[in-house]
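Thank you all for coming. I would like to walk through one model with you, moving from strands to single residues and then to the spaces inside, so please have the sequence and the view open.

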Amino acid sequence: MNNDTIQLHELMLNRGTFFCYAGPLSEEVLTSLSSVVKDQLTETDSTSPITNKVFSIFVEQAQNIIRYSLDRLDKSGVGSVSISHTNDGFLIEAVNEVDGKSRERLEEILTQLKRMDAAELKAAYKQRLKQGPPEGSVGAGLGFIEVARRSSRFDFAFEEHNGQTLFLYRGWVNTHA
Amino acid sequence: MKIPATSRTPAVEFLPGLCTIKGECYPEDITEFSAPVIGHLREGISKAKEYKVEIELYYFNSSSAKFFYDFFEYLDESASEGTMIEVVWRHREDDDTMEEAGEEFEEDLEHVKFTLESIG
């Protein structure tokens, strides 16, 4: 038991993870977490445009879990969100369960976005704003484009784990672009 | 008419011929925030020959982007129908994200006079 606690402590410190939440996420929980994350980000020595980008990716990832995590508790989506320091800035990570259909959709959207440069991402964003949300989307369907635009780079993966398909979503914000 | 800021919504104020929006926008429920704002805006514009909107945002999320898009579309429509409409978009000097956001909204406006202003 003590070992477990020490391992968690060391893991978080060693990987520079200064914020982590795992469990049911609702808009109410996000309101509370946002104020903590903001305080933590303003305490770092980075300038505000950098921390704004980190915060922006954090909010989009959290809302994605709230709305689309397959694992649900009332209005909450279960998942985890975390923010870590890297050598060159910040890493924002999210994990939640998805079903096969969402996996296909996510893979298609995110693979497309990964190939786009800044100008193409801007065009995609504007097109989405004009057209409104795609079918099956609660938000305007802009969140993934927002993460792609605000991050220095992003990646994603799917892992089969204990009978669940987990969606891993990571964004990096570099202090020196 | 004042709508006070919350931790996730900006302060919005309506005076005759003027609307100011200042703060951050990532509400829990965008419609709950946007419906009264659009309502007051319509009312204000219907009574004015000249109307000014001052916006100073530090952050807005992707769900709010759609609201601002519709907001500007309405302003442009009103301007095309004869109301003189001016928008001042203020952003912090080093905030490239909000500066870009202002530029991107401006690109779609044909009838509104739009000014980007950098603040220290």
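Before the sheets, a word on terms: two strands count as paired if DSSP finds at least two bridges between them, and helices (H or I, at least four residues) and strands (E, at least two) are DSSP runs, numbered from the N terminus. This is a predicted model, in which local features need pLDDT of at least 70 and side-chain atom pairs count only at pLDDT 80 or more, while totals for chains, interfaces and linings use all residues. Residues are numbered from 1 along each chain as its sequence is written, chains are lettered from A and ligands numbered from 1 in the order in which they are written, and side-chain values use heavy atoms, with hydrogens and water left out.

Let me begin with chain B, where six strands make an open sheet of mixed pairing, in the order β1-β2-β3-β4-β5-β6. Its edge strands, each pairing on one side only, are β1 (2–3) and β6 (113–119) of chain B. Strand β5 of chain B, residues 84–92, pairs with β6(B) in the parallel sense over seven bridges, and B:His91 stands opposite B:Ser118 in β6(B). As general background, strands of a sheet pair through backbone hydrogen bonds, either parallel or antiparallel.

In chain A, I would draw your eye to β6(A), which has antiparallel pairings with β4(A), over ten bridges, and with β5(A), over nine bridges. In the pairing with β4(A), A:Phe90 stands opposite A:Val173, and in the pairing with β5(A), A:Phe156 has A:Tyr169 as its bridge partner. The hairpin of β5(A) and β6(A) has two residues between the strands, and there A:Asn162 takes a positive phi near 50°. Is β6(A) largely enclosed or not enclosed by the rest of the structure? It is largely enclosed, because eight of its eleven residues are buried, where buried means under 20% relative accessible area, exposed over 50%, and partly exposed in between (1.4 Å probe, protein chains only).

Now to single residues, starting with A:Glu93, which lies in strand β4 of chain A, residues 89–98. A:Glu93 counts as buried because its relative accessibility is 14%, and its side chain makes a polar contact of 3.1 Å with the side chain of A:Arg15. A polar contact here is a pair of N or O atoms within 3.5 Å; within protein, one must be able to donate a hydrogen and the other to accept it, and residues adjacent in sequence count only if both atoms are side-chain atoms. Leaving aside neighbours within four places in sequence, the residues in contact with A:Glu93 (heavy atoms within 4.5 Å) include A:Gln61, A:Tyr169 and A:Arg170.

A second polar contact runs between the chains: the side chain of B:Ser63 meets the side chain of A:Arg67 at 3.2 Å. B:Ser63 is found in helix α2 of chain B, residues 62–80, and is buried, with a relative accessible area of 12%. Not counting residues up to four places away in sequence, B:Ser63 touches A:Gln63, A:Arg67 and B:Ile30. By way of contrast, A:Ala119, in helix α5 of chain A, counts as exposed because its relative accessibility is 55%.

Last, the cavities, found on a 1 Å grid over the protein atoms alone: a cavity is a set of points where a 1.4 Å probe fits but cannot get out, and lining residues have an atom within 4 Å of a point. Grid points are joined across faces, edges and corners, and a volume is the space filled by probe spheres set on the points. The structure holds two cavities of 30 Å³ or more, and the largest encloses about 140 Å³ of space. Of the 14 residues lining the largest cavity, those closest to its centre are A:Tyr125, B:Phe60, B:Ala101, B:Glu104 and B:Phe105. Which element gives the most to that lining of the largest cavity? It is α3(B), with five residues.

The second largest cavity has about 50 Å³ of space, and its lining includes A:Asn52, A:Glu146, A:Arg150, B:Tyr58, B:Phe60 and B:Met98. Thank you, and I am happy to go back to any of these.

Technical notes:
On a 1 Å grid over the protein atoms alone, a cavity is a set of points where a 1.4 Å probe fits but cannot get out, and a pocket is an open set with protein on both sides within 12 Å along at least five of seven lines; lining residues have an atom within 4 Å of a point.
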